Amino acid sequence: MTLTLLDELLLFSGVTVLVALFLGRRLPAGWMVTILYGIQLLSLLKMAPLGYGGDPIPSTLILEVMGQTLSWRFDALSWYFALITLGSALLSSWYACGEWEQRFRQAGGNVWLFHLAMALNVFSMLILLASGDLLSLFIGWELVSWAGFLLMAMAGGVATRAAMRYITYAMVGAMAIFGGIALVYVSAGSLQYDAILTAVSQMGTPHLWMLVILFSAGFGIKMGLMPFHLWQAPAYAETPGPGSAFLGAISSRMGLFAILLVLVKLFGIVNIESLKIPFTLIDARDLLAWIAVFTIIFPTFTAMKQNDARELLAWHGIGQGGYMLLGLVVADAMGAAGGLLHVFNHATYQAALFMAVTAVIHRTGTSDLNKLGGLVVRMPLSFMVLLVGIIGLAGLPPMNGFVSKWLVYRSLLNEGMPLLFVAAVIGTLGTILSVYKLIHNIFLGQLRVEHEHIKEAPWSMMIPMLILAAIIFITGLLPGIPLAWVASVQEAVGLSVPNYTLGGVESASGSLDMIWVIGVLFAGFGIGALVFYSAGKSKRVHQLDNYAGGHFLTADIRYQYSDNFYAGLMHLIGGWYRGSFLWLEKSVKSLVEFLSLGMQGIYRRANAEFYLLSTALFVIAWVVI
Amino acid sequence: MSSIKQIPVIEEKRTNPLARVFDELVRFCRSRSLFLLHYCTGCGAIELPPAMTSRFDMERLGIQPMVSPRQADILLITGYVSIKTLKRVILTYEQMGSPKYVIGICSCTVNGGMYWQSYATAKKLDEYMPVDLYIAGCMPRPEAVIEGLQQLMQRIKTGEAKGWEDYYRNYDYYLGNQQKLFGNDWQTPTDVITEAKHYDLLGEGTLGEHTALLEQHQQPLEALEMRLGHQVKEPAE
Amino acid sequence: MAPLELIIELVLMPLVAFIVGLMMVLMMRRIAAKLQRRVGPPFFQPLYDIVKLHGKRTQVSHGMIHDIGIVMAMGGYIAAETLLPVPGMNGIAEKGGIITLLYLMMIPSLGLALGVGQCANPNGSIGIARALTAMLAYDIPLVIVVFGVAYAAGTTNLVEIIATQQAGGFETWGAVQMPLLAIAGLIAMHASLGKQPFEIYIAPAEIATGPMVEMGGKYLGGLFVMQSFQLYTTSVLYVSLFLGGGTTWFDFLLKSFLVLAIPVSIAYLFPRYRTEDLLRLMWKWPVMLGLIGIAFVM
């Protein structure tokens, strides 16, 4: 038996887990695990033909369980997501294994557990991505859920509570998926993709409705789609730094992967579009698109109100997921490409942002946006990484986030969906507002006295951040590189492919060439710099030499604007934050509590006659009916 | 004013005719675009709105009101300057970008005017900062203000209005007078001496006994330079 | 297109924009003067201001980001001009399209925001917070308008949008075809200029000119340059979307100046709105008009 490339990859991944498990306590686990991620990435790169339209690579491992065949294979879709997973795992782990790890240990953290949890996450994600039928998909899904829980819960305290909330949601999602799989099995008689594909075409509308609801709810919970988004922000924010970079980059996208696989590839967007909602003008696809748009808007505006940098980023992570789903359900060539490209882009900038914020925490000990400020003079490289990251997150040129959002906008324009378009832009505007708050409150404004002596983050943390920043810029300049992978993913799931070039997209109705756009942008900067620097020389002044209406500023009085940053805006929309979803979550929780109390009451009674009577009645009723 | 007369005339060492034309152009533009910061302390302020608005319209001379000292070219002080106010006036003046000009309006800035006997009023403004132009009167009419501004424009065009250079070159003198009034620990958040060094405006009178006194009391004001800090030693804890 | 020709266009387009922009600044100030029964500034006043500011002897910098912010503010607009077709020159308009142009126009504001941030002056930070809020207010009607126009033309390529409008003379102008969108666009454009009654982020009496508070010398000069670019870009964009662009330089400039004269004439008659009132106004009337306009287009 020869090992295929996929076997090799999964083997390496498993070895990583074992190394972290058995050697991690004694040896410097961080470096070893990082190197092993590198090896995994190399073996993934050996499968690179997949990213350019190669044939799927199967695994030699095939199991038979209760008459069901379980198989694993990699196609373009799996390869694309695995690339992002391993890339972010490698960089997060690299980031963690130097000084950050030492500090974490000093603060009482369990480094061994951290690396183990990371390795488990990567392993389980690869298994999920490789799944070749619905049953192995479900197994992978469960593994991912529990591995994620381990990573989220390991910090203890608040983190554990957030993780408990996550796992509750995840279990509900898993139940929904399991129900969906059972339904599919009933109608298709098999859980193989081919069998399902044929079964879907004969399914009745109610059946398909049921499946769409179950699967999109189940996978949507992992993605943090409205109204199941509440768990995500606290859970990701409380994960130890590099862990949150990793989770923020890729973890939720497993939900998108599954949606892509099941809803787009197996069910088909056309079938979903045929599900009309009676008495309205919309169908299931529109419903999904609107859910995506609400997922963009509400979490983004919630992020704007956060005063903790990590929470702010985590909320944005939820919001950006909306763009991906939006692009996918629009499902024309450009939209799907935009949504898929956004997965890659989001992973790069979200990881960079979490890392930059973690670097700030590493040096200052806080991520409270009201307790920082002016750090650009002390941590200029972290500033640069954060700047590159927020430009990507806000989707402005010249970073990569712009390209994917541009594609999504273009598809909405082509398809004639004005409201969705406007809503997507509102999300982007809200993002710009909140990321400016992030960078201003951390890096700009007045430097606090207690931060005068801090240093830039150590190189072990800096290099992964700089690599990410470079990737963000390069894929913004040459979006054709990831678009090639995206195109083969689109082919693999049966969507049409846009006419992409190295610099962007060619289209009869307006194209994009980032090489030119960025070229003129930097030429413009060059001319601006020429004008600016050829004028008289300037002198740096101290931050206290500042206009205060003639007042003499002193170091002991803060001269900084950070709290309630968008006061004018909040005057108007502040009242619109009702916490309705929190209320909803709370009422569901109370309902469950109440029911369980009732059940408990019945069992406590221990009244044998009562049980006997009710059982007898039940049996009689069953027999009669 | 007397001190201004004593400024040694430094010949511009520019032989290139193009550079001369360029200097001429910049001087001309300076004279035709004056941003005004009015520090209105007394009754003279009432004469400025008519000077700006439809009756006399300063803007046709290129003069506009501005808000913060960074943006302004002219500091217009209209009226008495109490000692408390003077501190703010000096800070404001030092925060302005050179070339900058000071205009004292009303008698109060010339000699204290009707506040001559007040213990809390600085009598002569030009002891504390170089005044380029006084417009006397109690209060001067808008015509007089416009007339004065035109004179200032003329002097800027010819390069005579160099009070701002005097502040750098004879800083010790001005600082001495300021210290006499505010005490020995007087210091503004601006750093005139390093500025003079940076822009090559050091004169014989920049440093002296008063600046030495300042250095004793000075709290450091070095700009926060951008640095990576990997080489910097950690402070002892 | 020959590369040399393209390079000449790329150089000429920002240059023309700058010169026309200076004249627009002059027009704005002259209109303000006329409304207030004043004479107003002389012809070269905008140029005098910029030369003077760049020629200041001492320049106060608050740090490298302060400098870079100004460079970005100027450079972003210089780049944006090459995406905005003018009579006879298309630059690289076909490689970006209108969505890219709108986003490139945000780069100067972002640069300015960064530069102001480093000034460590809360007045400036409040100004930026308000400017971003204003952007949130006027960009929503603006994107509705842009969506409508691009959808009606079936392309995001500005060159084609202009060409379709010029095809049938006056009747095919965007403003004739889509009057509601044109009105909504005009209101949004007025707000994007940041003139009264929408100048919440300058507010000299409240926050000491907000973003400009610590800007002197060439820093302020850079912002003056940016302002002239901004006036030009905004009015030319409107002309391209609704008034059929320009076939000749004469009618192109005439239209651009006339379009700009409308908000400017209104501006100096009004005091300032509060932030929330600006939001309320922008999210109500132009959005409503724009959505109805889109409904007609679709």
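**Helix packing, strand pairing and chain contacts in a predicted model**

Colleague: At what angle do H6(C) and helix H9 of chain C pack, and how far apart are their axes?

Modeller: In this predicted model, H9 of chain C covers residues 179-193. H6(C) packs on H9(C) at an angle of about 150 degrees, and their axes are 9 Å apart.

Colleague: How is the direction of H6(C) relative to H9(C) described, and why?

Modeller: Angles over 145 degrees count as roughly antiparallel. The angle here is about 150 degrees. H6(C) is therefore, relative to H9(C), roughly antiparallel.

Colleague: Which residues of H9(C) make the contact with H6(C), and in what sense do the helices cross?

Modeller: H6(C) passes H9(C) in a left-handed crossing. On the H6(C) side the contact includes C:Ala134, C:Ala137, C:Tyr138, C:Pro141 and C:Gly148. From H9(C) come C:Leu181, C:Ala184, C:Gly185, C:Ile187, C:Ala188, C:Ala191 and C:Ser192.

Colleague: How many residues of the contact of H6(C) with H9(C) are nonpolar, polar and charged?

Modeller: Among the residues of this contact are C:Leu142, C:Ile144, C:Val145 and C:Val149 of H6(C). By class, the contact of H6(C) with H9(C) divides into 13 nonpolar, 3 polar and no charged residues.

Colleague: Which element gives the most to the side of chain C that touches chain A?

Modeller: The contact takes 72 residues from chain C and 60 residues from chain A. Elements of chain C that each supply at least two residues include strand E1 (59-61), helix H3 (64-81), helix H6 (122-153) and helix H13 (275-297). The element that gives the most, with 16 residues, is H6(C).

Colleague: How do the residues of the side of chain C that touches chain A divide by class?

Modeller: Chain C contributes 72 residues to the contact with chain A. The division is 36 nonpolar, 26 polar and 10 charged.

Colleague: Which residue of E1(C) stands opposite A:Lys539?

Modeller: Strand E6 of chain A, residues 538-540, pairs with E1(C) in the parallel sense over 3 bridges. Opposite A:Lys539 in E1(C) stands C:Val60.

Colleague: Which elements give two or more residues to the side of chain A that touches chain B?

Modeller: That contact takes 20 residues from chain A and 22 residues from chain B. The side of chain A has 10 nonpolar, 4 polar and 6 charged residues. The elements of chain A in question are helix H17 (380-394) and E6.

Colleague: Which strands stand at the edges of the open sheet E3-E4-E5 of chain A?

Modeller: The 3 strands of this sheet pair in the antiparallel sense. E4(A), residues 504-506, and E5(A) are joined over 2 bridges, and A:Val505 has A:Leu512 as its bridge partner in E5(A). The edge strands each have a single partner strand, so one side of each is left without a neighbour in the sheet; they are E3 (499-501) and E5 (512-513) of chain A.

Colleague: Which residues of E3(B) are buried on each face?

Modeller: Strand E3 of chain B, residues 74-78, has 5 of its 5 residues buried. Both faces are covered: one by B:Ile74, B:Leu76 and B:Thr78, the other by B:Leu75 and B:Ile77.

Colleague: What is the bridge partner of B:Tyr39 in E3(B), and which residue of E5(B) stands opposite B:Ile74?

Modeller: Strand E1 of chain B, residues 34-39, runs parallel to E3(B) and is joined to E3(B) by 4 bridges. E3(B) also pairs in the parallel sense with strand E5 of chain B, residues 101-105, over 5 bridges. The partner of B:Tyr39 is B:Ile77, and opposite B:Ile74 stands B:Tyr101.

Key. Residues are numbered from 1 along each chain as its sequence is written. Chains are lettered from A and ligands numbered from 1 in the order in which they are written. This is a predicted model: local features need pLDDT of at least 70, side-chain atom pairs count only at pLDDT 80 or more; totals for chains, interfaces and linings use all residues. Two residues are in contact if their C-beta atoms, placed from the backbone, lie within 7 Å. Ala, Val, Leu, Ile, Met, Phe, Trp, Tyr, Cys and Pro count as nonpolar, Asp, Glu, Lys and Arg as charged, and the others, Gly among them, as polar. Two strands pair if DSSP finds at least two bridges between them. Axes are lines fitted to C-alpha atoms, for helices over the stretch in contact, and angles run from 0 to 180 degrees between N-to-C directions. Angles under 35 degrees count as roughly parallel, over 145 as roughly antiparallel, 65 to 115 as roughly perpendicular and the rest as oblique. A crossing is left-handed if the near helix is turned anticlockwise from the far one by less than a right angle, and right-handed if clockwise. A residue is buried if 20 or more other C-beta atoms lie within 10 Å of its own, exposed if 12 or fewer, and partly exposed in between; C-beta atoms are placed from the backbone.
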